[in-house]
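Here is a short set of exercises to work through with the model open beside you. Try each task before reading its solution.

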Amino acid sequence: MKRSIDRILTTHTGSLPRTEEIRGFLRSKELGEEIDPQVFKDTVRISVREAVRHQAEVGIDVVSDGEQAKSSFYSYLLERLAGLEGTSDTPPVQQNQDFPGYPEWWAQTHGGTRAARRHPECVGPLSWRDTTSLETDLVNLREATRGIPMEEAFMPSASVGIVAQRIPNRYYPSDEAYVEAIANVMRDEYQAIANAGFILQIDAPEMCIDRYQPPFRDKPLEVFLKRMELWVEALNYALAGIPEENVRLHICWGNTERPHTEDVPLEDIIDTVLQVHCGGFSVEASNPRHMHEWKLWEDVELPSGKVLMPGVIDTTTNFVEHPDLVAQRIETFANLVGRENVIASTDCGFGTTAFSDAIYPPLVWAKLSALTEGARIASDRLWRRR
């Protein structure tokens, strides 16, 4: 990973808005409907190229493919892995219990419910069914970044823990056996991304979200932390052989505008999070429920050689942050952990799923422009330029 040696570098957390054409293809694929594979492939290639070009135009230093070919940050694995053929009608995550009527209210005030989606289950041994889509993703990103002004490129991949938590186990004899099986298949994807010369981003929202979801909701924090340790141990096993500086970890409390009153505090989980063998940590810092947690870094030491990627742009509202505010947020973290150890990022992705947008797509680029302008302002101050 590049570091902010002479200025604050900028990045985001992976997903970007998709066109309606891409959405249609992904919706059909997730529902098991037939599509023209060549037309889909060509459409994705063009979309990735445009996504990378837009990122470069607004000044993002560390770019991604925008996850254009993925229906979500973990469900893309349904077409890649055998053993996930089961289907459940029950969504994998329940809503906040403090405000049980909130989802219905949101649906009524936002024009209806979100698109129905398949909720998979593991019903057989996990193995690779097909690596073609992974290979295509890597080729598309490599071609799209050729000749583009940037520092480097990254590609997100689902964590071991998020797969275990979002895809129920109906086959393996224990949670431990299931997690081990996931680690054994995901290590191939992790290695492929790293071998292709890209920074590997591990998406691990389960480390935050699942504290107050079943089966941990009514149990002591220690029970959740023990399960987190299992996920981290398995993830580190899957990352073995990949240099830590080629890996970054993203955690978040869910990219949705909702109460968040049950969110686990960052201080409760940070020690376990920092055990992941990676070179950078991407953490929400603009979510109003967690914005105050910058103070944690007054007492928690960022491990030597690591990079902190705080979210200085919110990804759930259509406010476009003022660059001066962005700069203030960046400077706060730079003064705590060192300017060279900060890369300015976003709280989460702008296209977490292909089936809904929280942000009006044109505003995404305005928000990313505010990010890069804020980084420029902060850099001028932090390096005392005139």
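**Exercise 1. Find the largest cavity in this predicted model and describe its lining.**

Solution. Start with the volume: the largest cavity holds about 100 Å³. Next, look at what surrounds its centre. The lining has 12 residues, and the closest to the centre are Ile209, Gln213, Arg258, Glu262 and Asp263. Finally, sort the lining by type: five residues are nonpolar, three are polar and four are charged. This cavity is one of three of 30 Å³ or more that turn up in a search of the whole structure.

**Exercise 2. Work out which residues line the second largest cavity, and sort them by type.**

Solution. First, the volume here is about 50 Å³. Now go round the wall: among the lining residues are Trp294, Trp297 and Phe333, together with Leu266, Leu308, Val283 and Pro310. Glu284, Glu293 and His290 also belong to the lining. The full count comes to eight nonpolar residues, one polar and two charged.

**Exercise 3. Decide what surrounds the side chain of Asp314, and whether it is buried or exposed.**

Solution. Begin by locating Asp314: the residue sits in the loop between strand S11 (307-310) and helix H10 (323-337). Asp314 is buried, so a charged partner is worth looking for, given that a buried residue has under 20% relative accessible area. The nearest side chain of opposite charge is that of Lys367, 4.8 Å away. A salt bridge needs the nitrogen and the carboxyl oxygen within 4 Å, so this pair does not qualify. There is a backbone neighbour, though: the nitrogen of Thr317 lies 2.8 Å from a polar atom of the Asp314 side chain.

**Exercise 4. Take three salt bridges and say where the partners of each sit in the chain.**

Solution. Side chains of opposite charge can pair when their charged atoms come close. A search of the whole structure finds 23 salt bridges.

- Arg170 and Glu121: their closest N and O atoms are 3.3 Å apart. The pair links distant parts of the chain, with Arg170 in the loop between helices H5 (160-166) and H6 (175-195) and Glu121 in strand S5, 49 residues apart. Arg170 is exposed at 53% relative accessible area, whereas Glu121 is buried at 12%.
- Asp210 and Arg166: the N to O distance is 2.8 Å. Asp210 is in the loop between helix H7 (206-209) and helix H8 (221-239) and Arg166 is in helix H5, 44 residues apart. Both Asp210 and Arg166 are buried.
- Glu373 and Arg376: this salt bridge spans 2.6 Å, N to O. Both residues belong to helix H11 (residues 361-382), three residues apart, or about one turn of the helix. Glu373 is partly exposed at 28% relative accessibility, and Arg376 is partly exposed at 42%.

As a last step, look for shared partners: salt bridges join Lys2, Arg7, Asp61 and Glu151 into one network.

**Exercise 5. Explain why Asn255 counts as buried, then list contacts of its side chain.**

Solution. Asn255 lies in the loop between strand S9 (247-251) and helix H9 (266-273). Its relative accessible area is 16%, and buried means under 20%, so Asn255 counts as buried. Now turn to the side chain. One of its polar atoms is 2.5 Å from the backbone oxygen of Gly349. The Asn255 side chain also makes a polar contact of 2.9 Å with the side chain of Thr352.

Technical notes. Residues numbered from 1 in each chain as written. Predicted model: local features only at pLDDT ≥ 70, side-chain atom pairs only at ≥ 80, totals over all residues. Heavy atoms only, no water. 1 Å grid on protein atoms, 1.4 Å probe; cavity = no way out; pocket = protein on both sides within 12 Å on 5 of 7 lines; lining within 4 Å. Points joined across faces, edges and corners; volume = space filled by probe spheres on them. Nonpolar A, V, L, I, M, F, W, Y, C, P; charged D, E, K, R; others polar. Helix = DSSP H or I, 4+ residues; strand = E, 2+ residues; numbered from the N terminus. Buried < 20%, exposed > 50% of the residue type's maximum accessible area, 1.4 Å probe, protein only. Lys, Arg positive; Asp, Glu negative; His and termini not counted. Polar contact = N/O pair within 3.5 Å; in protein donor to acceptor, adjacent residues only side chain to side chain.
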